[in-house]
Amino acid sequence: MNHRLKFSANRILSIFLKPFFIFLLTVIFSSCLNLDTPKQKNYSYKIVNIYPHARDAFTQGLVFEDGILYEGTGLNGRSSLRKVDLKSGNVLNIHKLPDEFFGEGITVCEDKIIQLTWRSNTGFVYDKYGFNLIGKFSYPFEGWGITYDGRHLIASDGTDVLHFLNPDNFKEEYAIKVYNNDGPVSGLNELEYAQGKIYANIWRTGYIVELSPKTGRVTGRIDLSGLLAPYKADKPVDVLNGIAYNNENGHLFVTGKLWPKIFEIELVRTK
Ligand SMILES: [Ca+2]
């Protein structure tokens with residue numbers, strides 16, 4: 001091969017290979033970006049069981065542990081902490097809050113139960129077994145939902161913010177903002193930590209979002225609109241609120257404020 005031919009061959013290779021390598025690099029780079037921005041999963045549900053729910057319970061917090069359902073209810077004069085028999089709906093134990101408090105989320109934290117209140121900046125601490133009030137604490141935001149991940153109490157305030165509190169002194173250690181591909185996700189209400197994720201009711205919607213406690217990114221959305229419709233009684237009901245994880249089988253218990261039923265559901269992946 002003479003020099004001229006060699007030069008031409010190099011030039012042809014350069015003309016064709018250069019765009020190819022640029023294309024290849026673009027594909028690899030885009031793939032890396034996609035790994036950081038996964039698509040949101042969408043879920044429907046399959047009803048596994050339906051249980052009765054007290055019609056006076058304006059549900060603000062729901063937890064299931066060792067076969068026992070704990071429920072926190074709201075409204076001034078009607079707020080309470082309850083231990084409920086799942087199958088019958090019977091209230092096994094109840095602690096009523098003073099009328100001035102509007103009860104909000106509850107969570108089990110080791111051998112204690114923590115309960116928030118809406119605008120009183122006051123949290124209550126009870127012993128889990130007898131519902132004896134053993135402490136109080138204050139926090140500088142509206143109390144909505146609360147859950148526990150084994151390290152922090154995680155509280156919502158109705159915005160897109162989740163507050164991570166030290167469970168020993170109730171001081172806020174840090175906060176995250178919850179978002180999806182369209183921007184901030186606000187109206188975060190009742191919460192449930194399970195299997196490294198947080199599930200959150202979105203106030204005034206039939207949706208629960210699944211999100212990463214590390215980044216705040218919404219990774220999934222559960223569409224529960226229509227869940228109650230076939231079972232609606234004649235009395236008025238309020239919004240979907242209340243999520244409890246059953247760690248024996250991975251099911252979720254879900255209900256709403258003044259709903260006549262608690263639903264045990266399995267998540268079903270949809271497109
Ligand atoms: Ca919960």
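1. Start with strand 8 and strand 9. They run antiparallel and are joined by 5 bridges. One pairing to look at is Val125, whose bridge partner in strand 9 is Gly135. Note that this is a predicted model.

2. Strand 8 and strand 9 belong to an open sheet. The sheet has 4 strands, ordered 6-7-8-9, and its pairing is antiparallel. Strand 6 and strand 9 (133–138) are the edge strands, and each pairs on one side only. From one strand to the next, the twist averages 20°. As background, strands of a sheet pair through backbone hydrogen bonds, in parallel or antiparallel fashion.

3. Next, strand 7 and strand 8 (residues 122–127). These two are antiparallel, with 4 bridges between them. Gln115 stands opposite Phe124 of strand 8. The two strands form a hairpin, and 4 residues lie between them. In that turn, Asn121 has a positive phi of about 55°.

4. Strand 7 also pairs with strand 6. Strand 6 (residues 103–109) is antiparallel to strand 7, and 5 bridges link the two. Gly103 faces Thr117 of strand 7 across this pairing. Here too there is a hairpin, with 2 residues between the strands. Glu110 takes a positive phi near 60° in this hairpin.

5. How well covered is strand 7? Strand 7 spans residues 112–117 and is mostly covered. Of its 6 residues, 5 are buried.

6. Now the loop that leads into strand 6. Glu100 sits in the loop between strand 5 (91–96) and strand 6. Is Glu100 buried or exposed? Glu100 has 11 other C-beta atoms within 10 Å. A residue counts as exposed at 12 or fewer, so Glu100 is exposed. The C-alpha atom of Glu100 is 6.0 Å from that of Asn76, although the two residues are 24 apart along the chain.

7. Strand 5 belongs to another open sheet. Its 4 strands have the order 2-3-4-5, with antiparallel pairing. Which strands stand at the edges? They are strand 2 (59–65) and strand 5. Each has a single partner strand, so one side of each lacks a neighbour in the sheet. The twist in the 2-3-4-5 sheet averages 15° from one strand to the next.

8. Inside the 2-3-4-5 sheet, take strand 3 and strand 4. Strand 3 (residues 68–73) and strand 4 (residues 80–84) are antiparallel and share 5 bridges. Tyr70 stands opposite Lys83 of strand 4.

9. On packing: nonpolar side chains tend to be buried together in soluble globular proteins. The largest nonpolar core in this model has 48 residues. Ile146, Ile154, Ala200 and Ala244 have the most contacts inside that core. Apart from the largest core lies another, of 5 residues, including Ala54, Ala57, Leu258 and Trp259.

10. Ala244 deserves a separate look. Leaving out residues up to four places away in sequence, Ala244 touches Leu62, Val63, Phe64, Leu69, Glu192, Leu252 and Phe253.

11. Finally, the chain as a whole. The chain has 271 residues, and 34% of them count as buried. The chain contains 1 helix and 22 strands. Consider contacts between residues at least 6 apart in sequence: 49% of these join residues at least 24 apart.

How values were computed:
Residues are numbered from 1 along each chain as its sequence is written. This is a predicted model: local features need pLDDT of at least 70, side-chain atom pairs count only at pLDDT 80 or more; totals for chains, interfaces and linings use all residues. A residue is buried if 20 or more other C-beta atoms lie within 10 Å of its own, exposed if 12 or fewer, and partly exposed in between; C-beta atoms are placed from the backbone. Two strands pair if DSSP finds at least two bridges between them. A nonpolar core is a set of buried Ala, Val, Leu, Ile, Met, Phe, Trp, Tyr and Cys residues joined through C-beta atoms within 7 Å. Two residues are in contact if their C-beta atoms, placed from the backbone, lie within 7 Å. Axes are lines fitted to C-alpha atoms, for helices over the stretch in contact, and angles run from 0 to 180 degrees between N-to-C directions.
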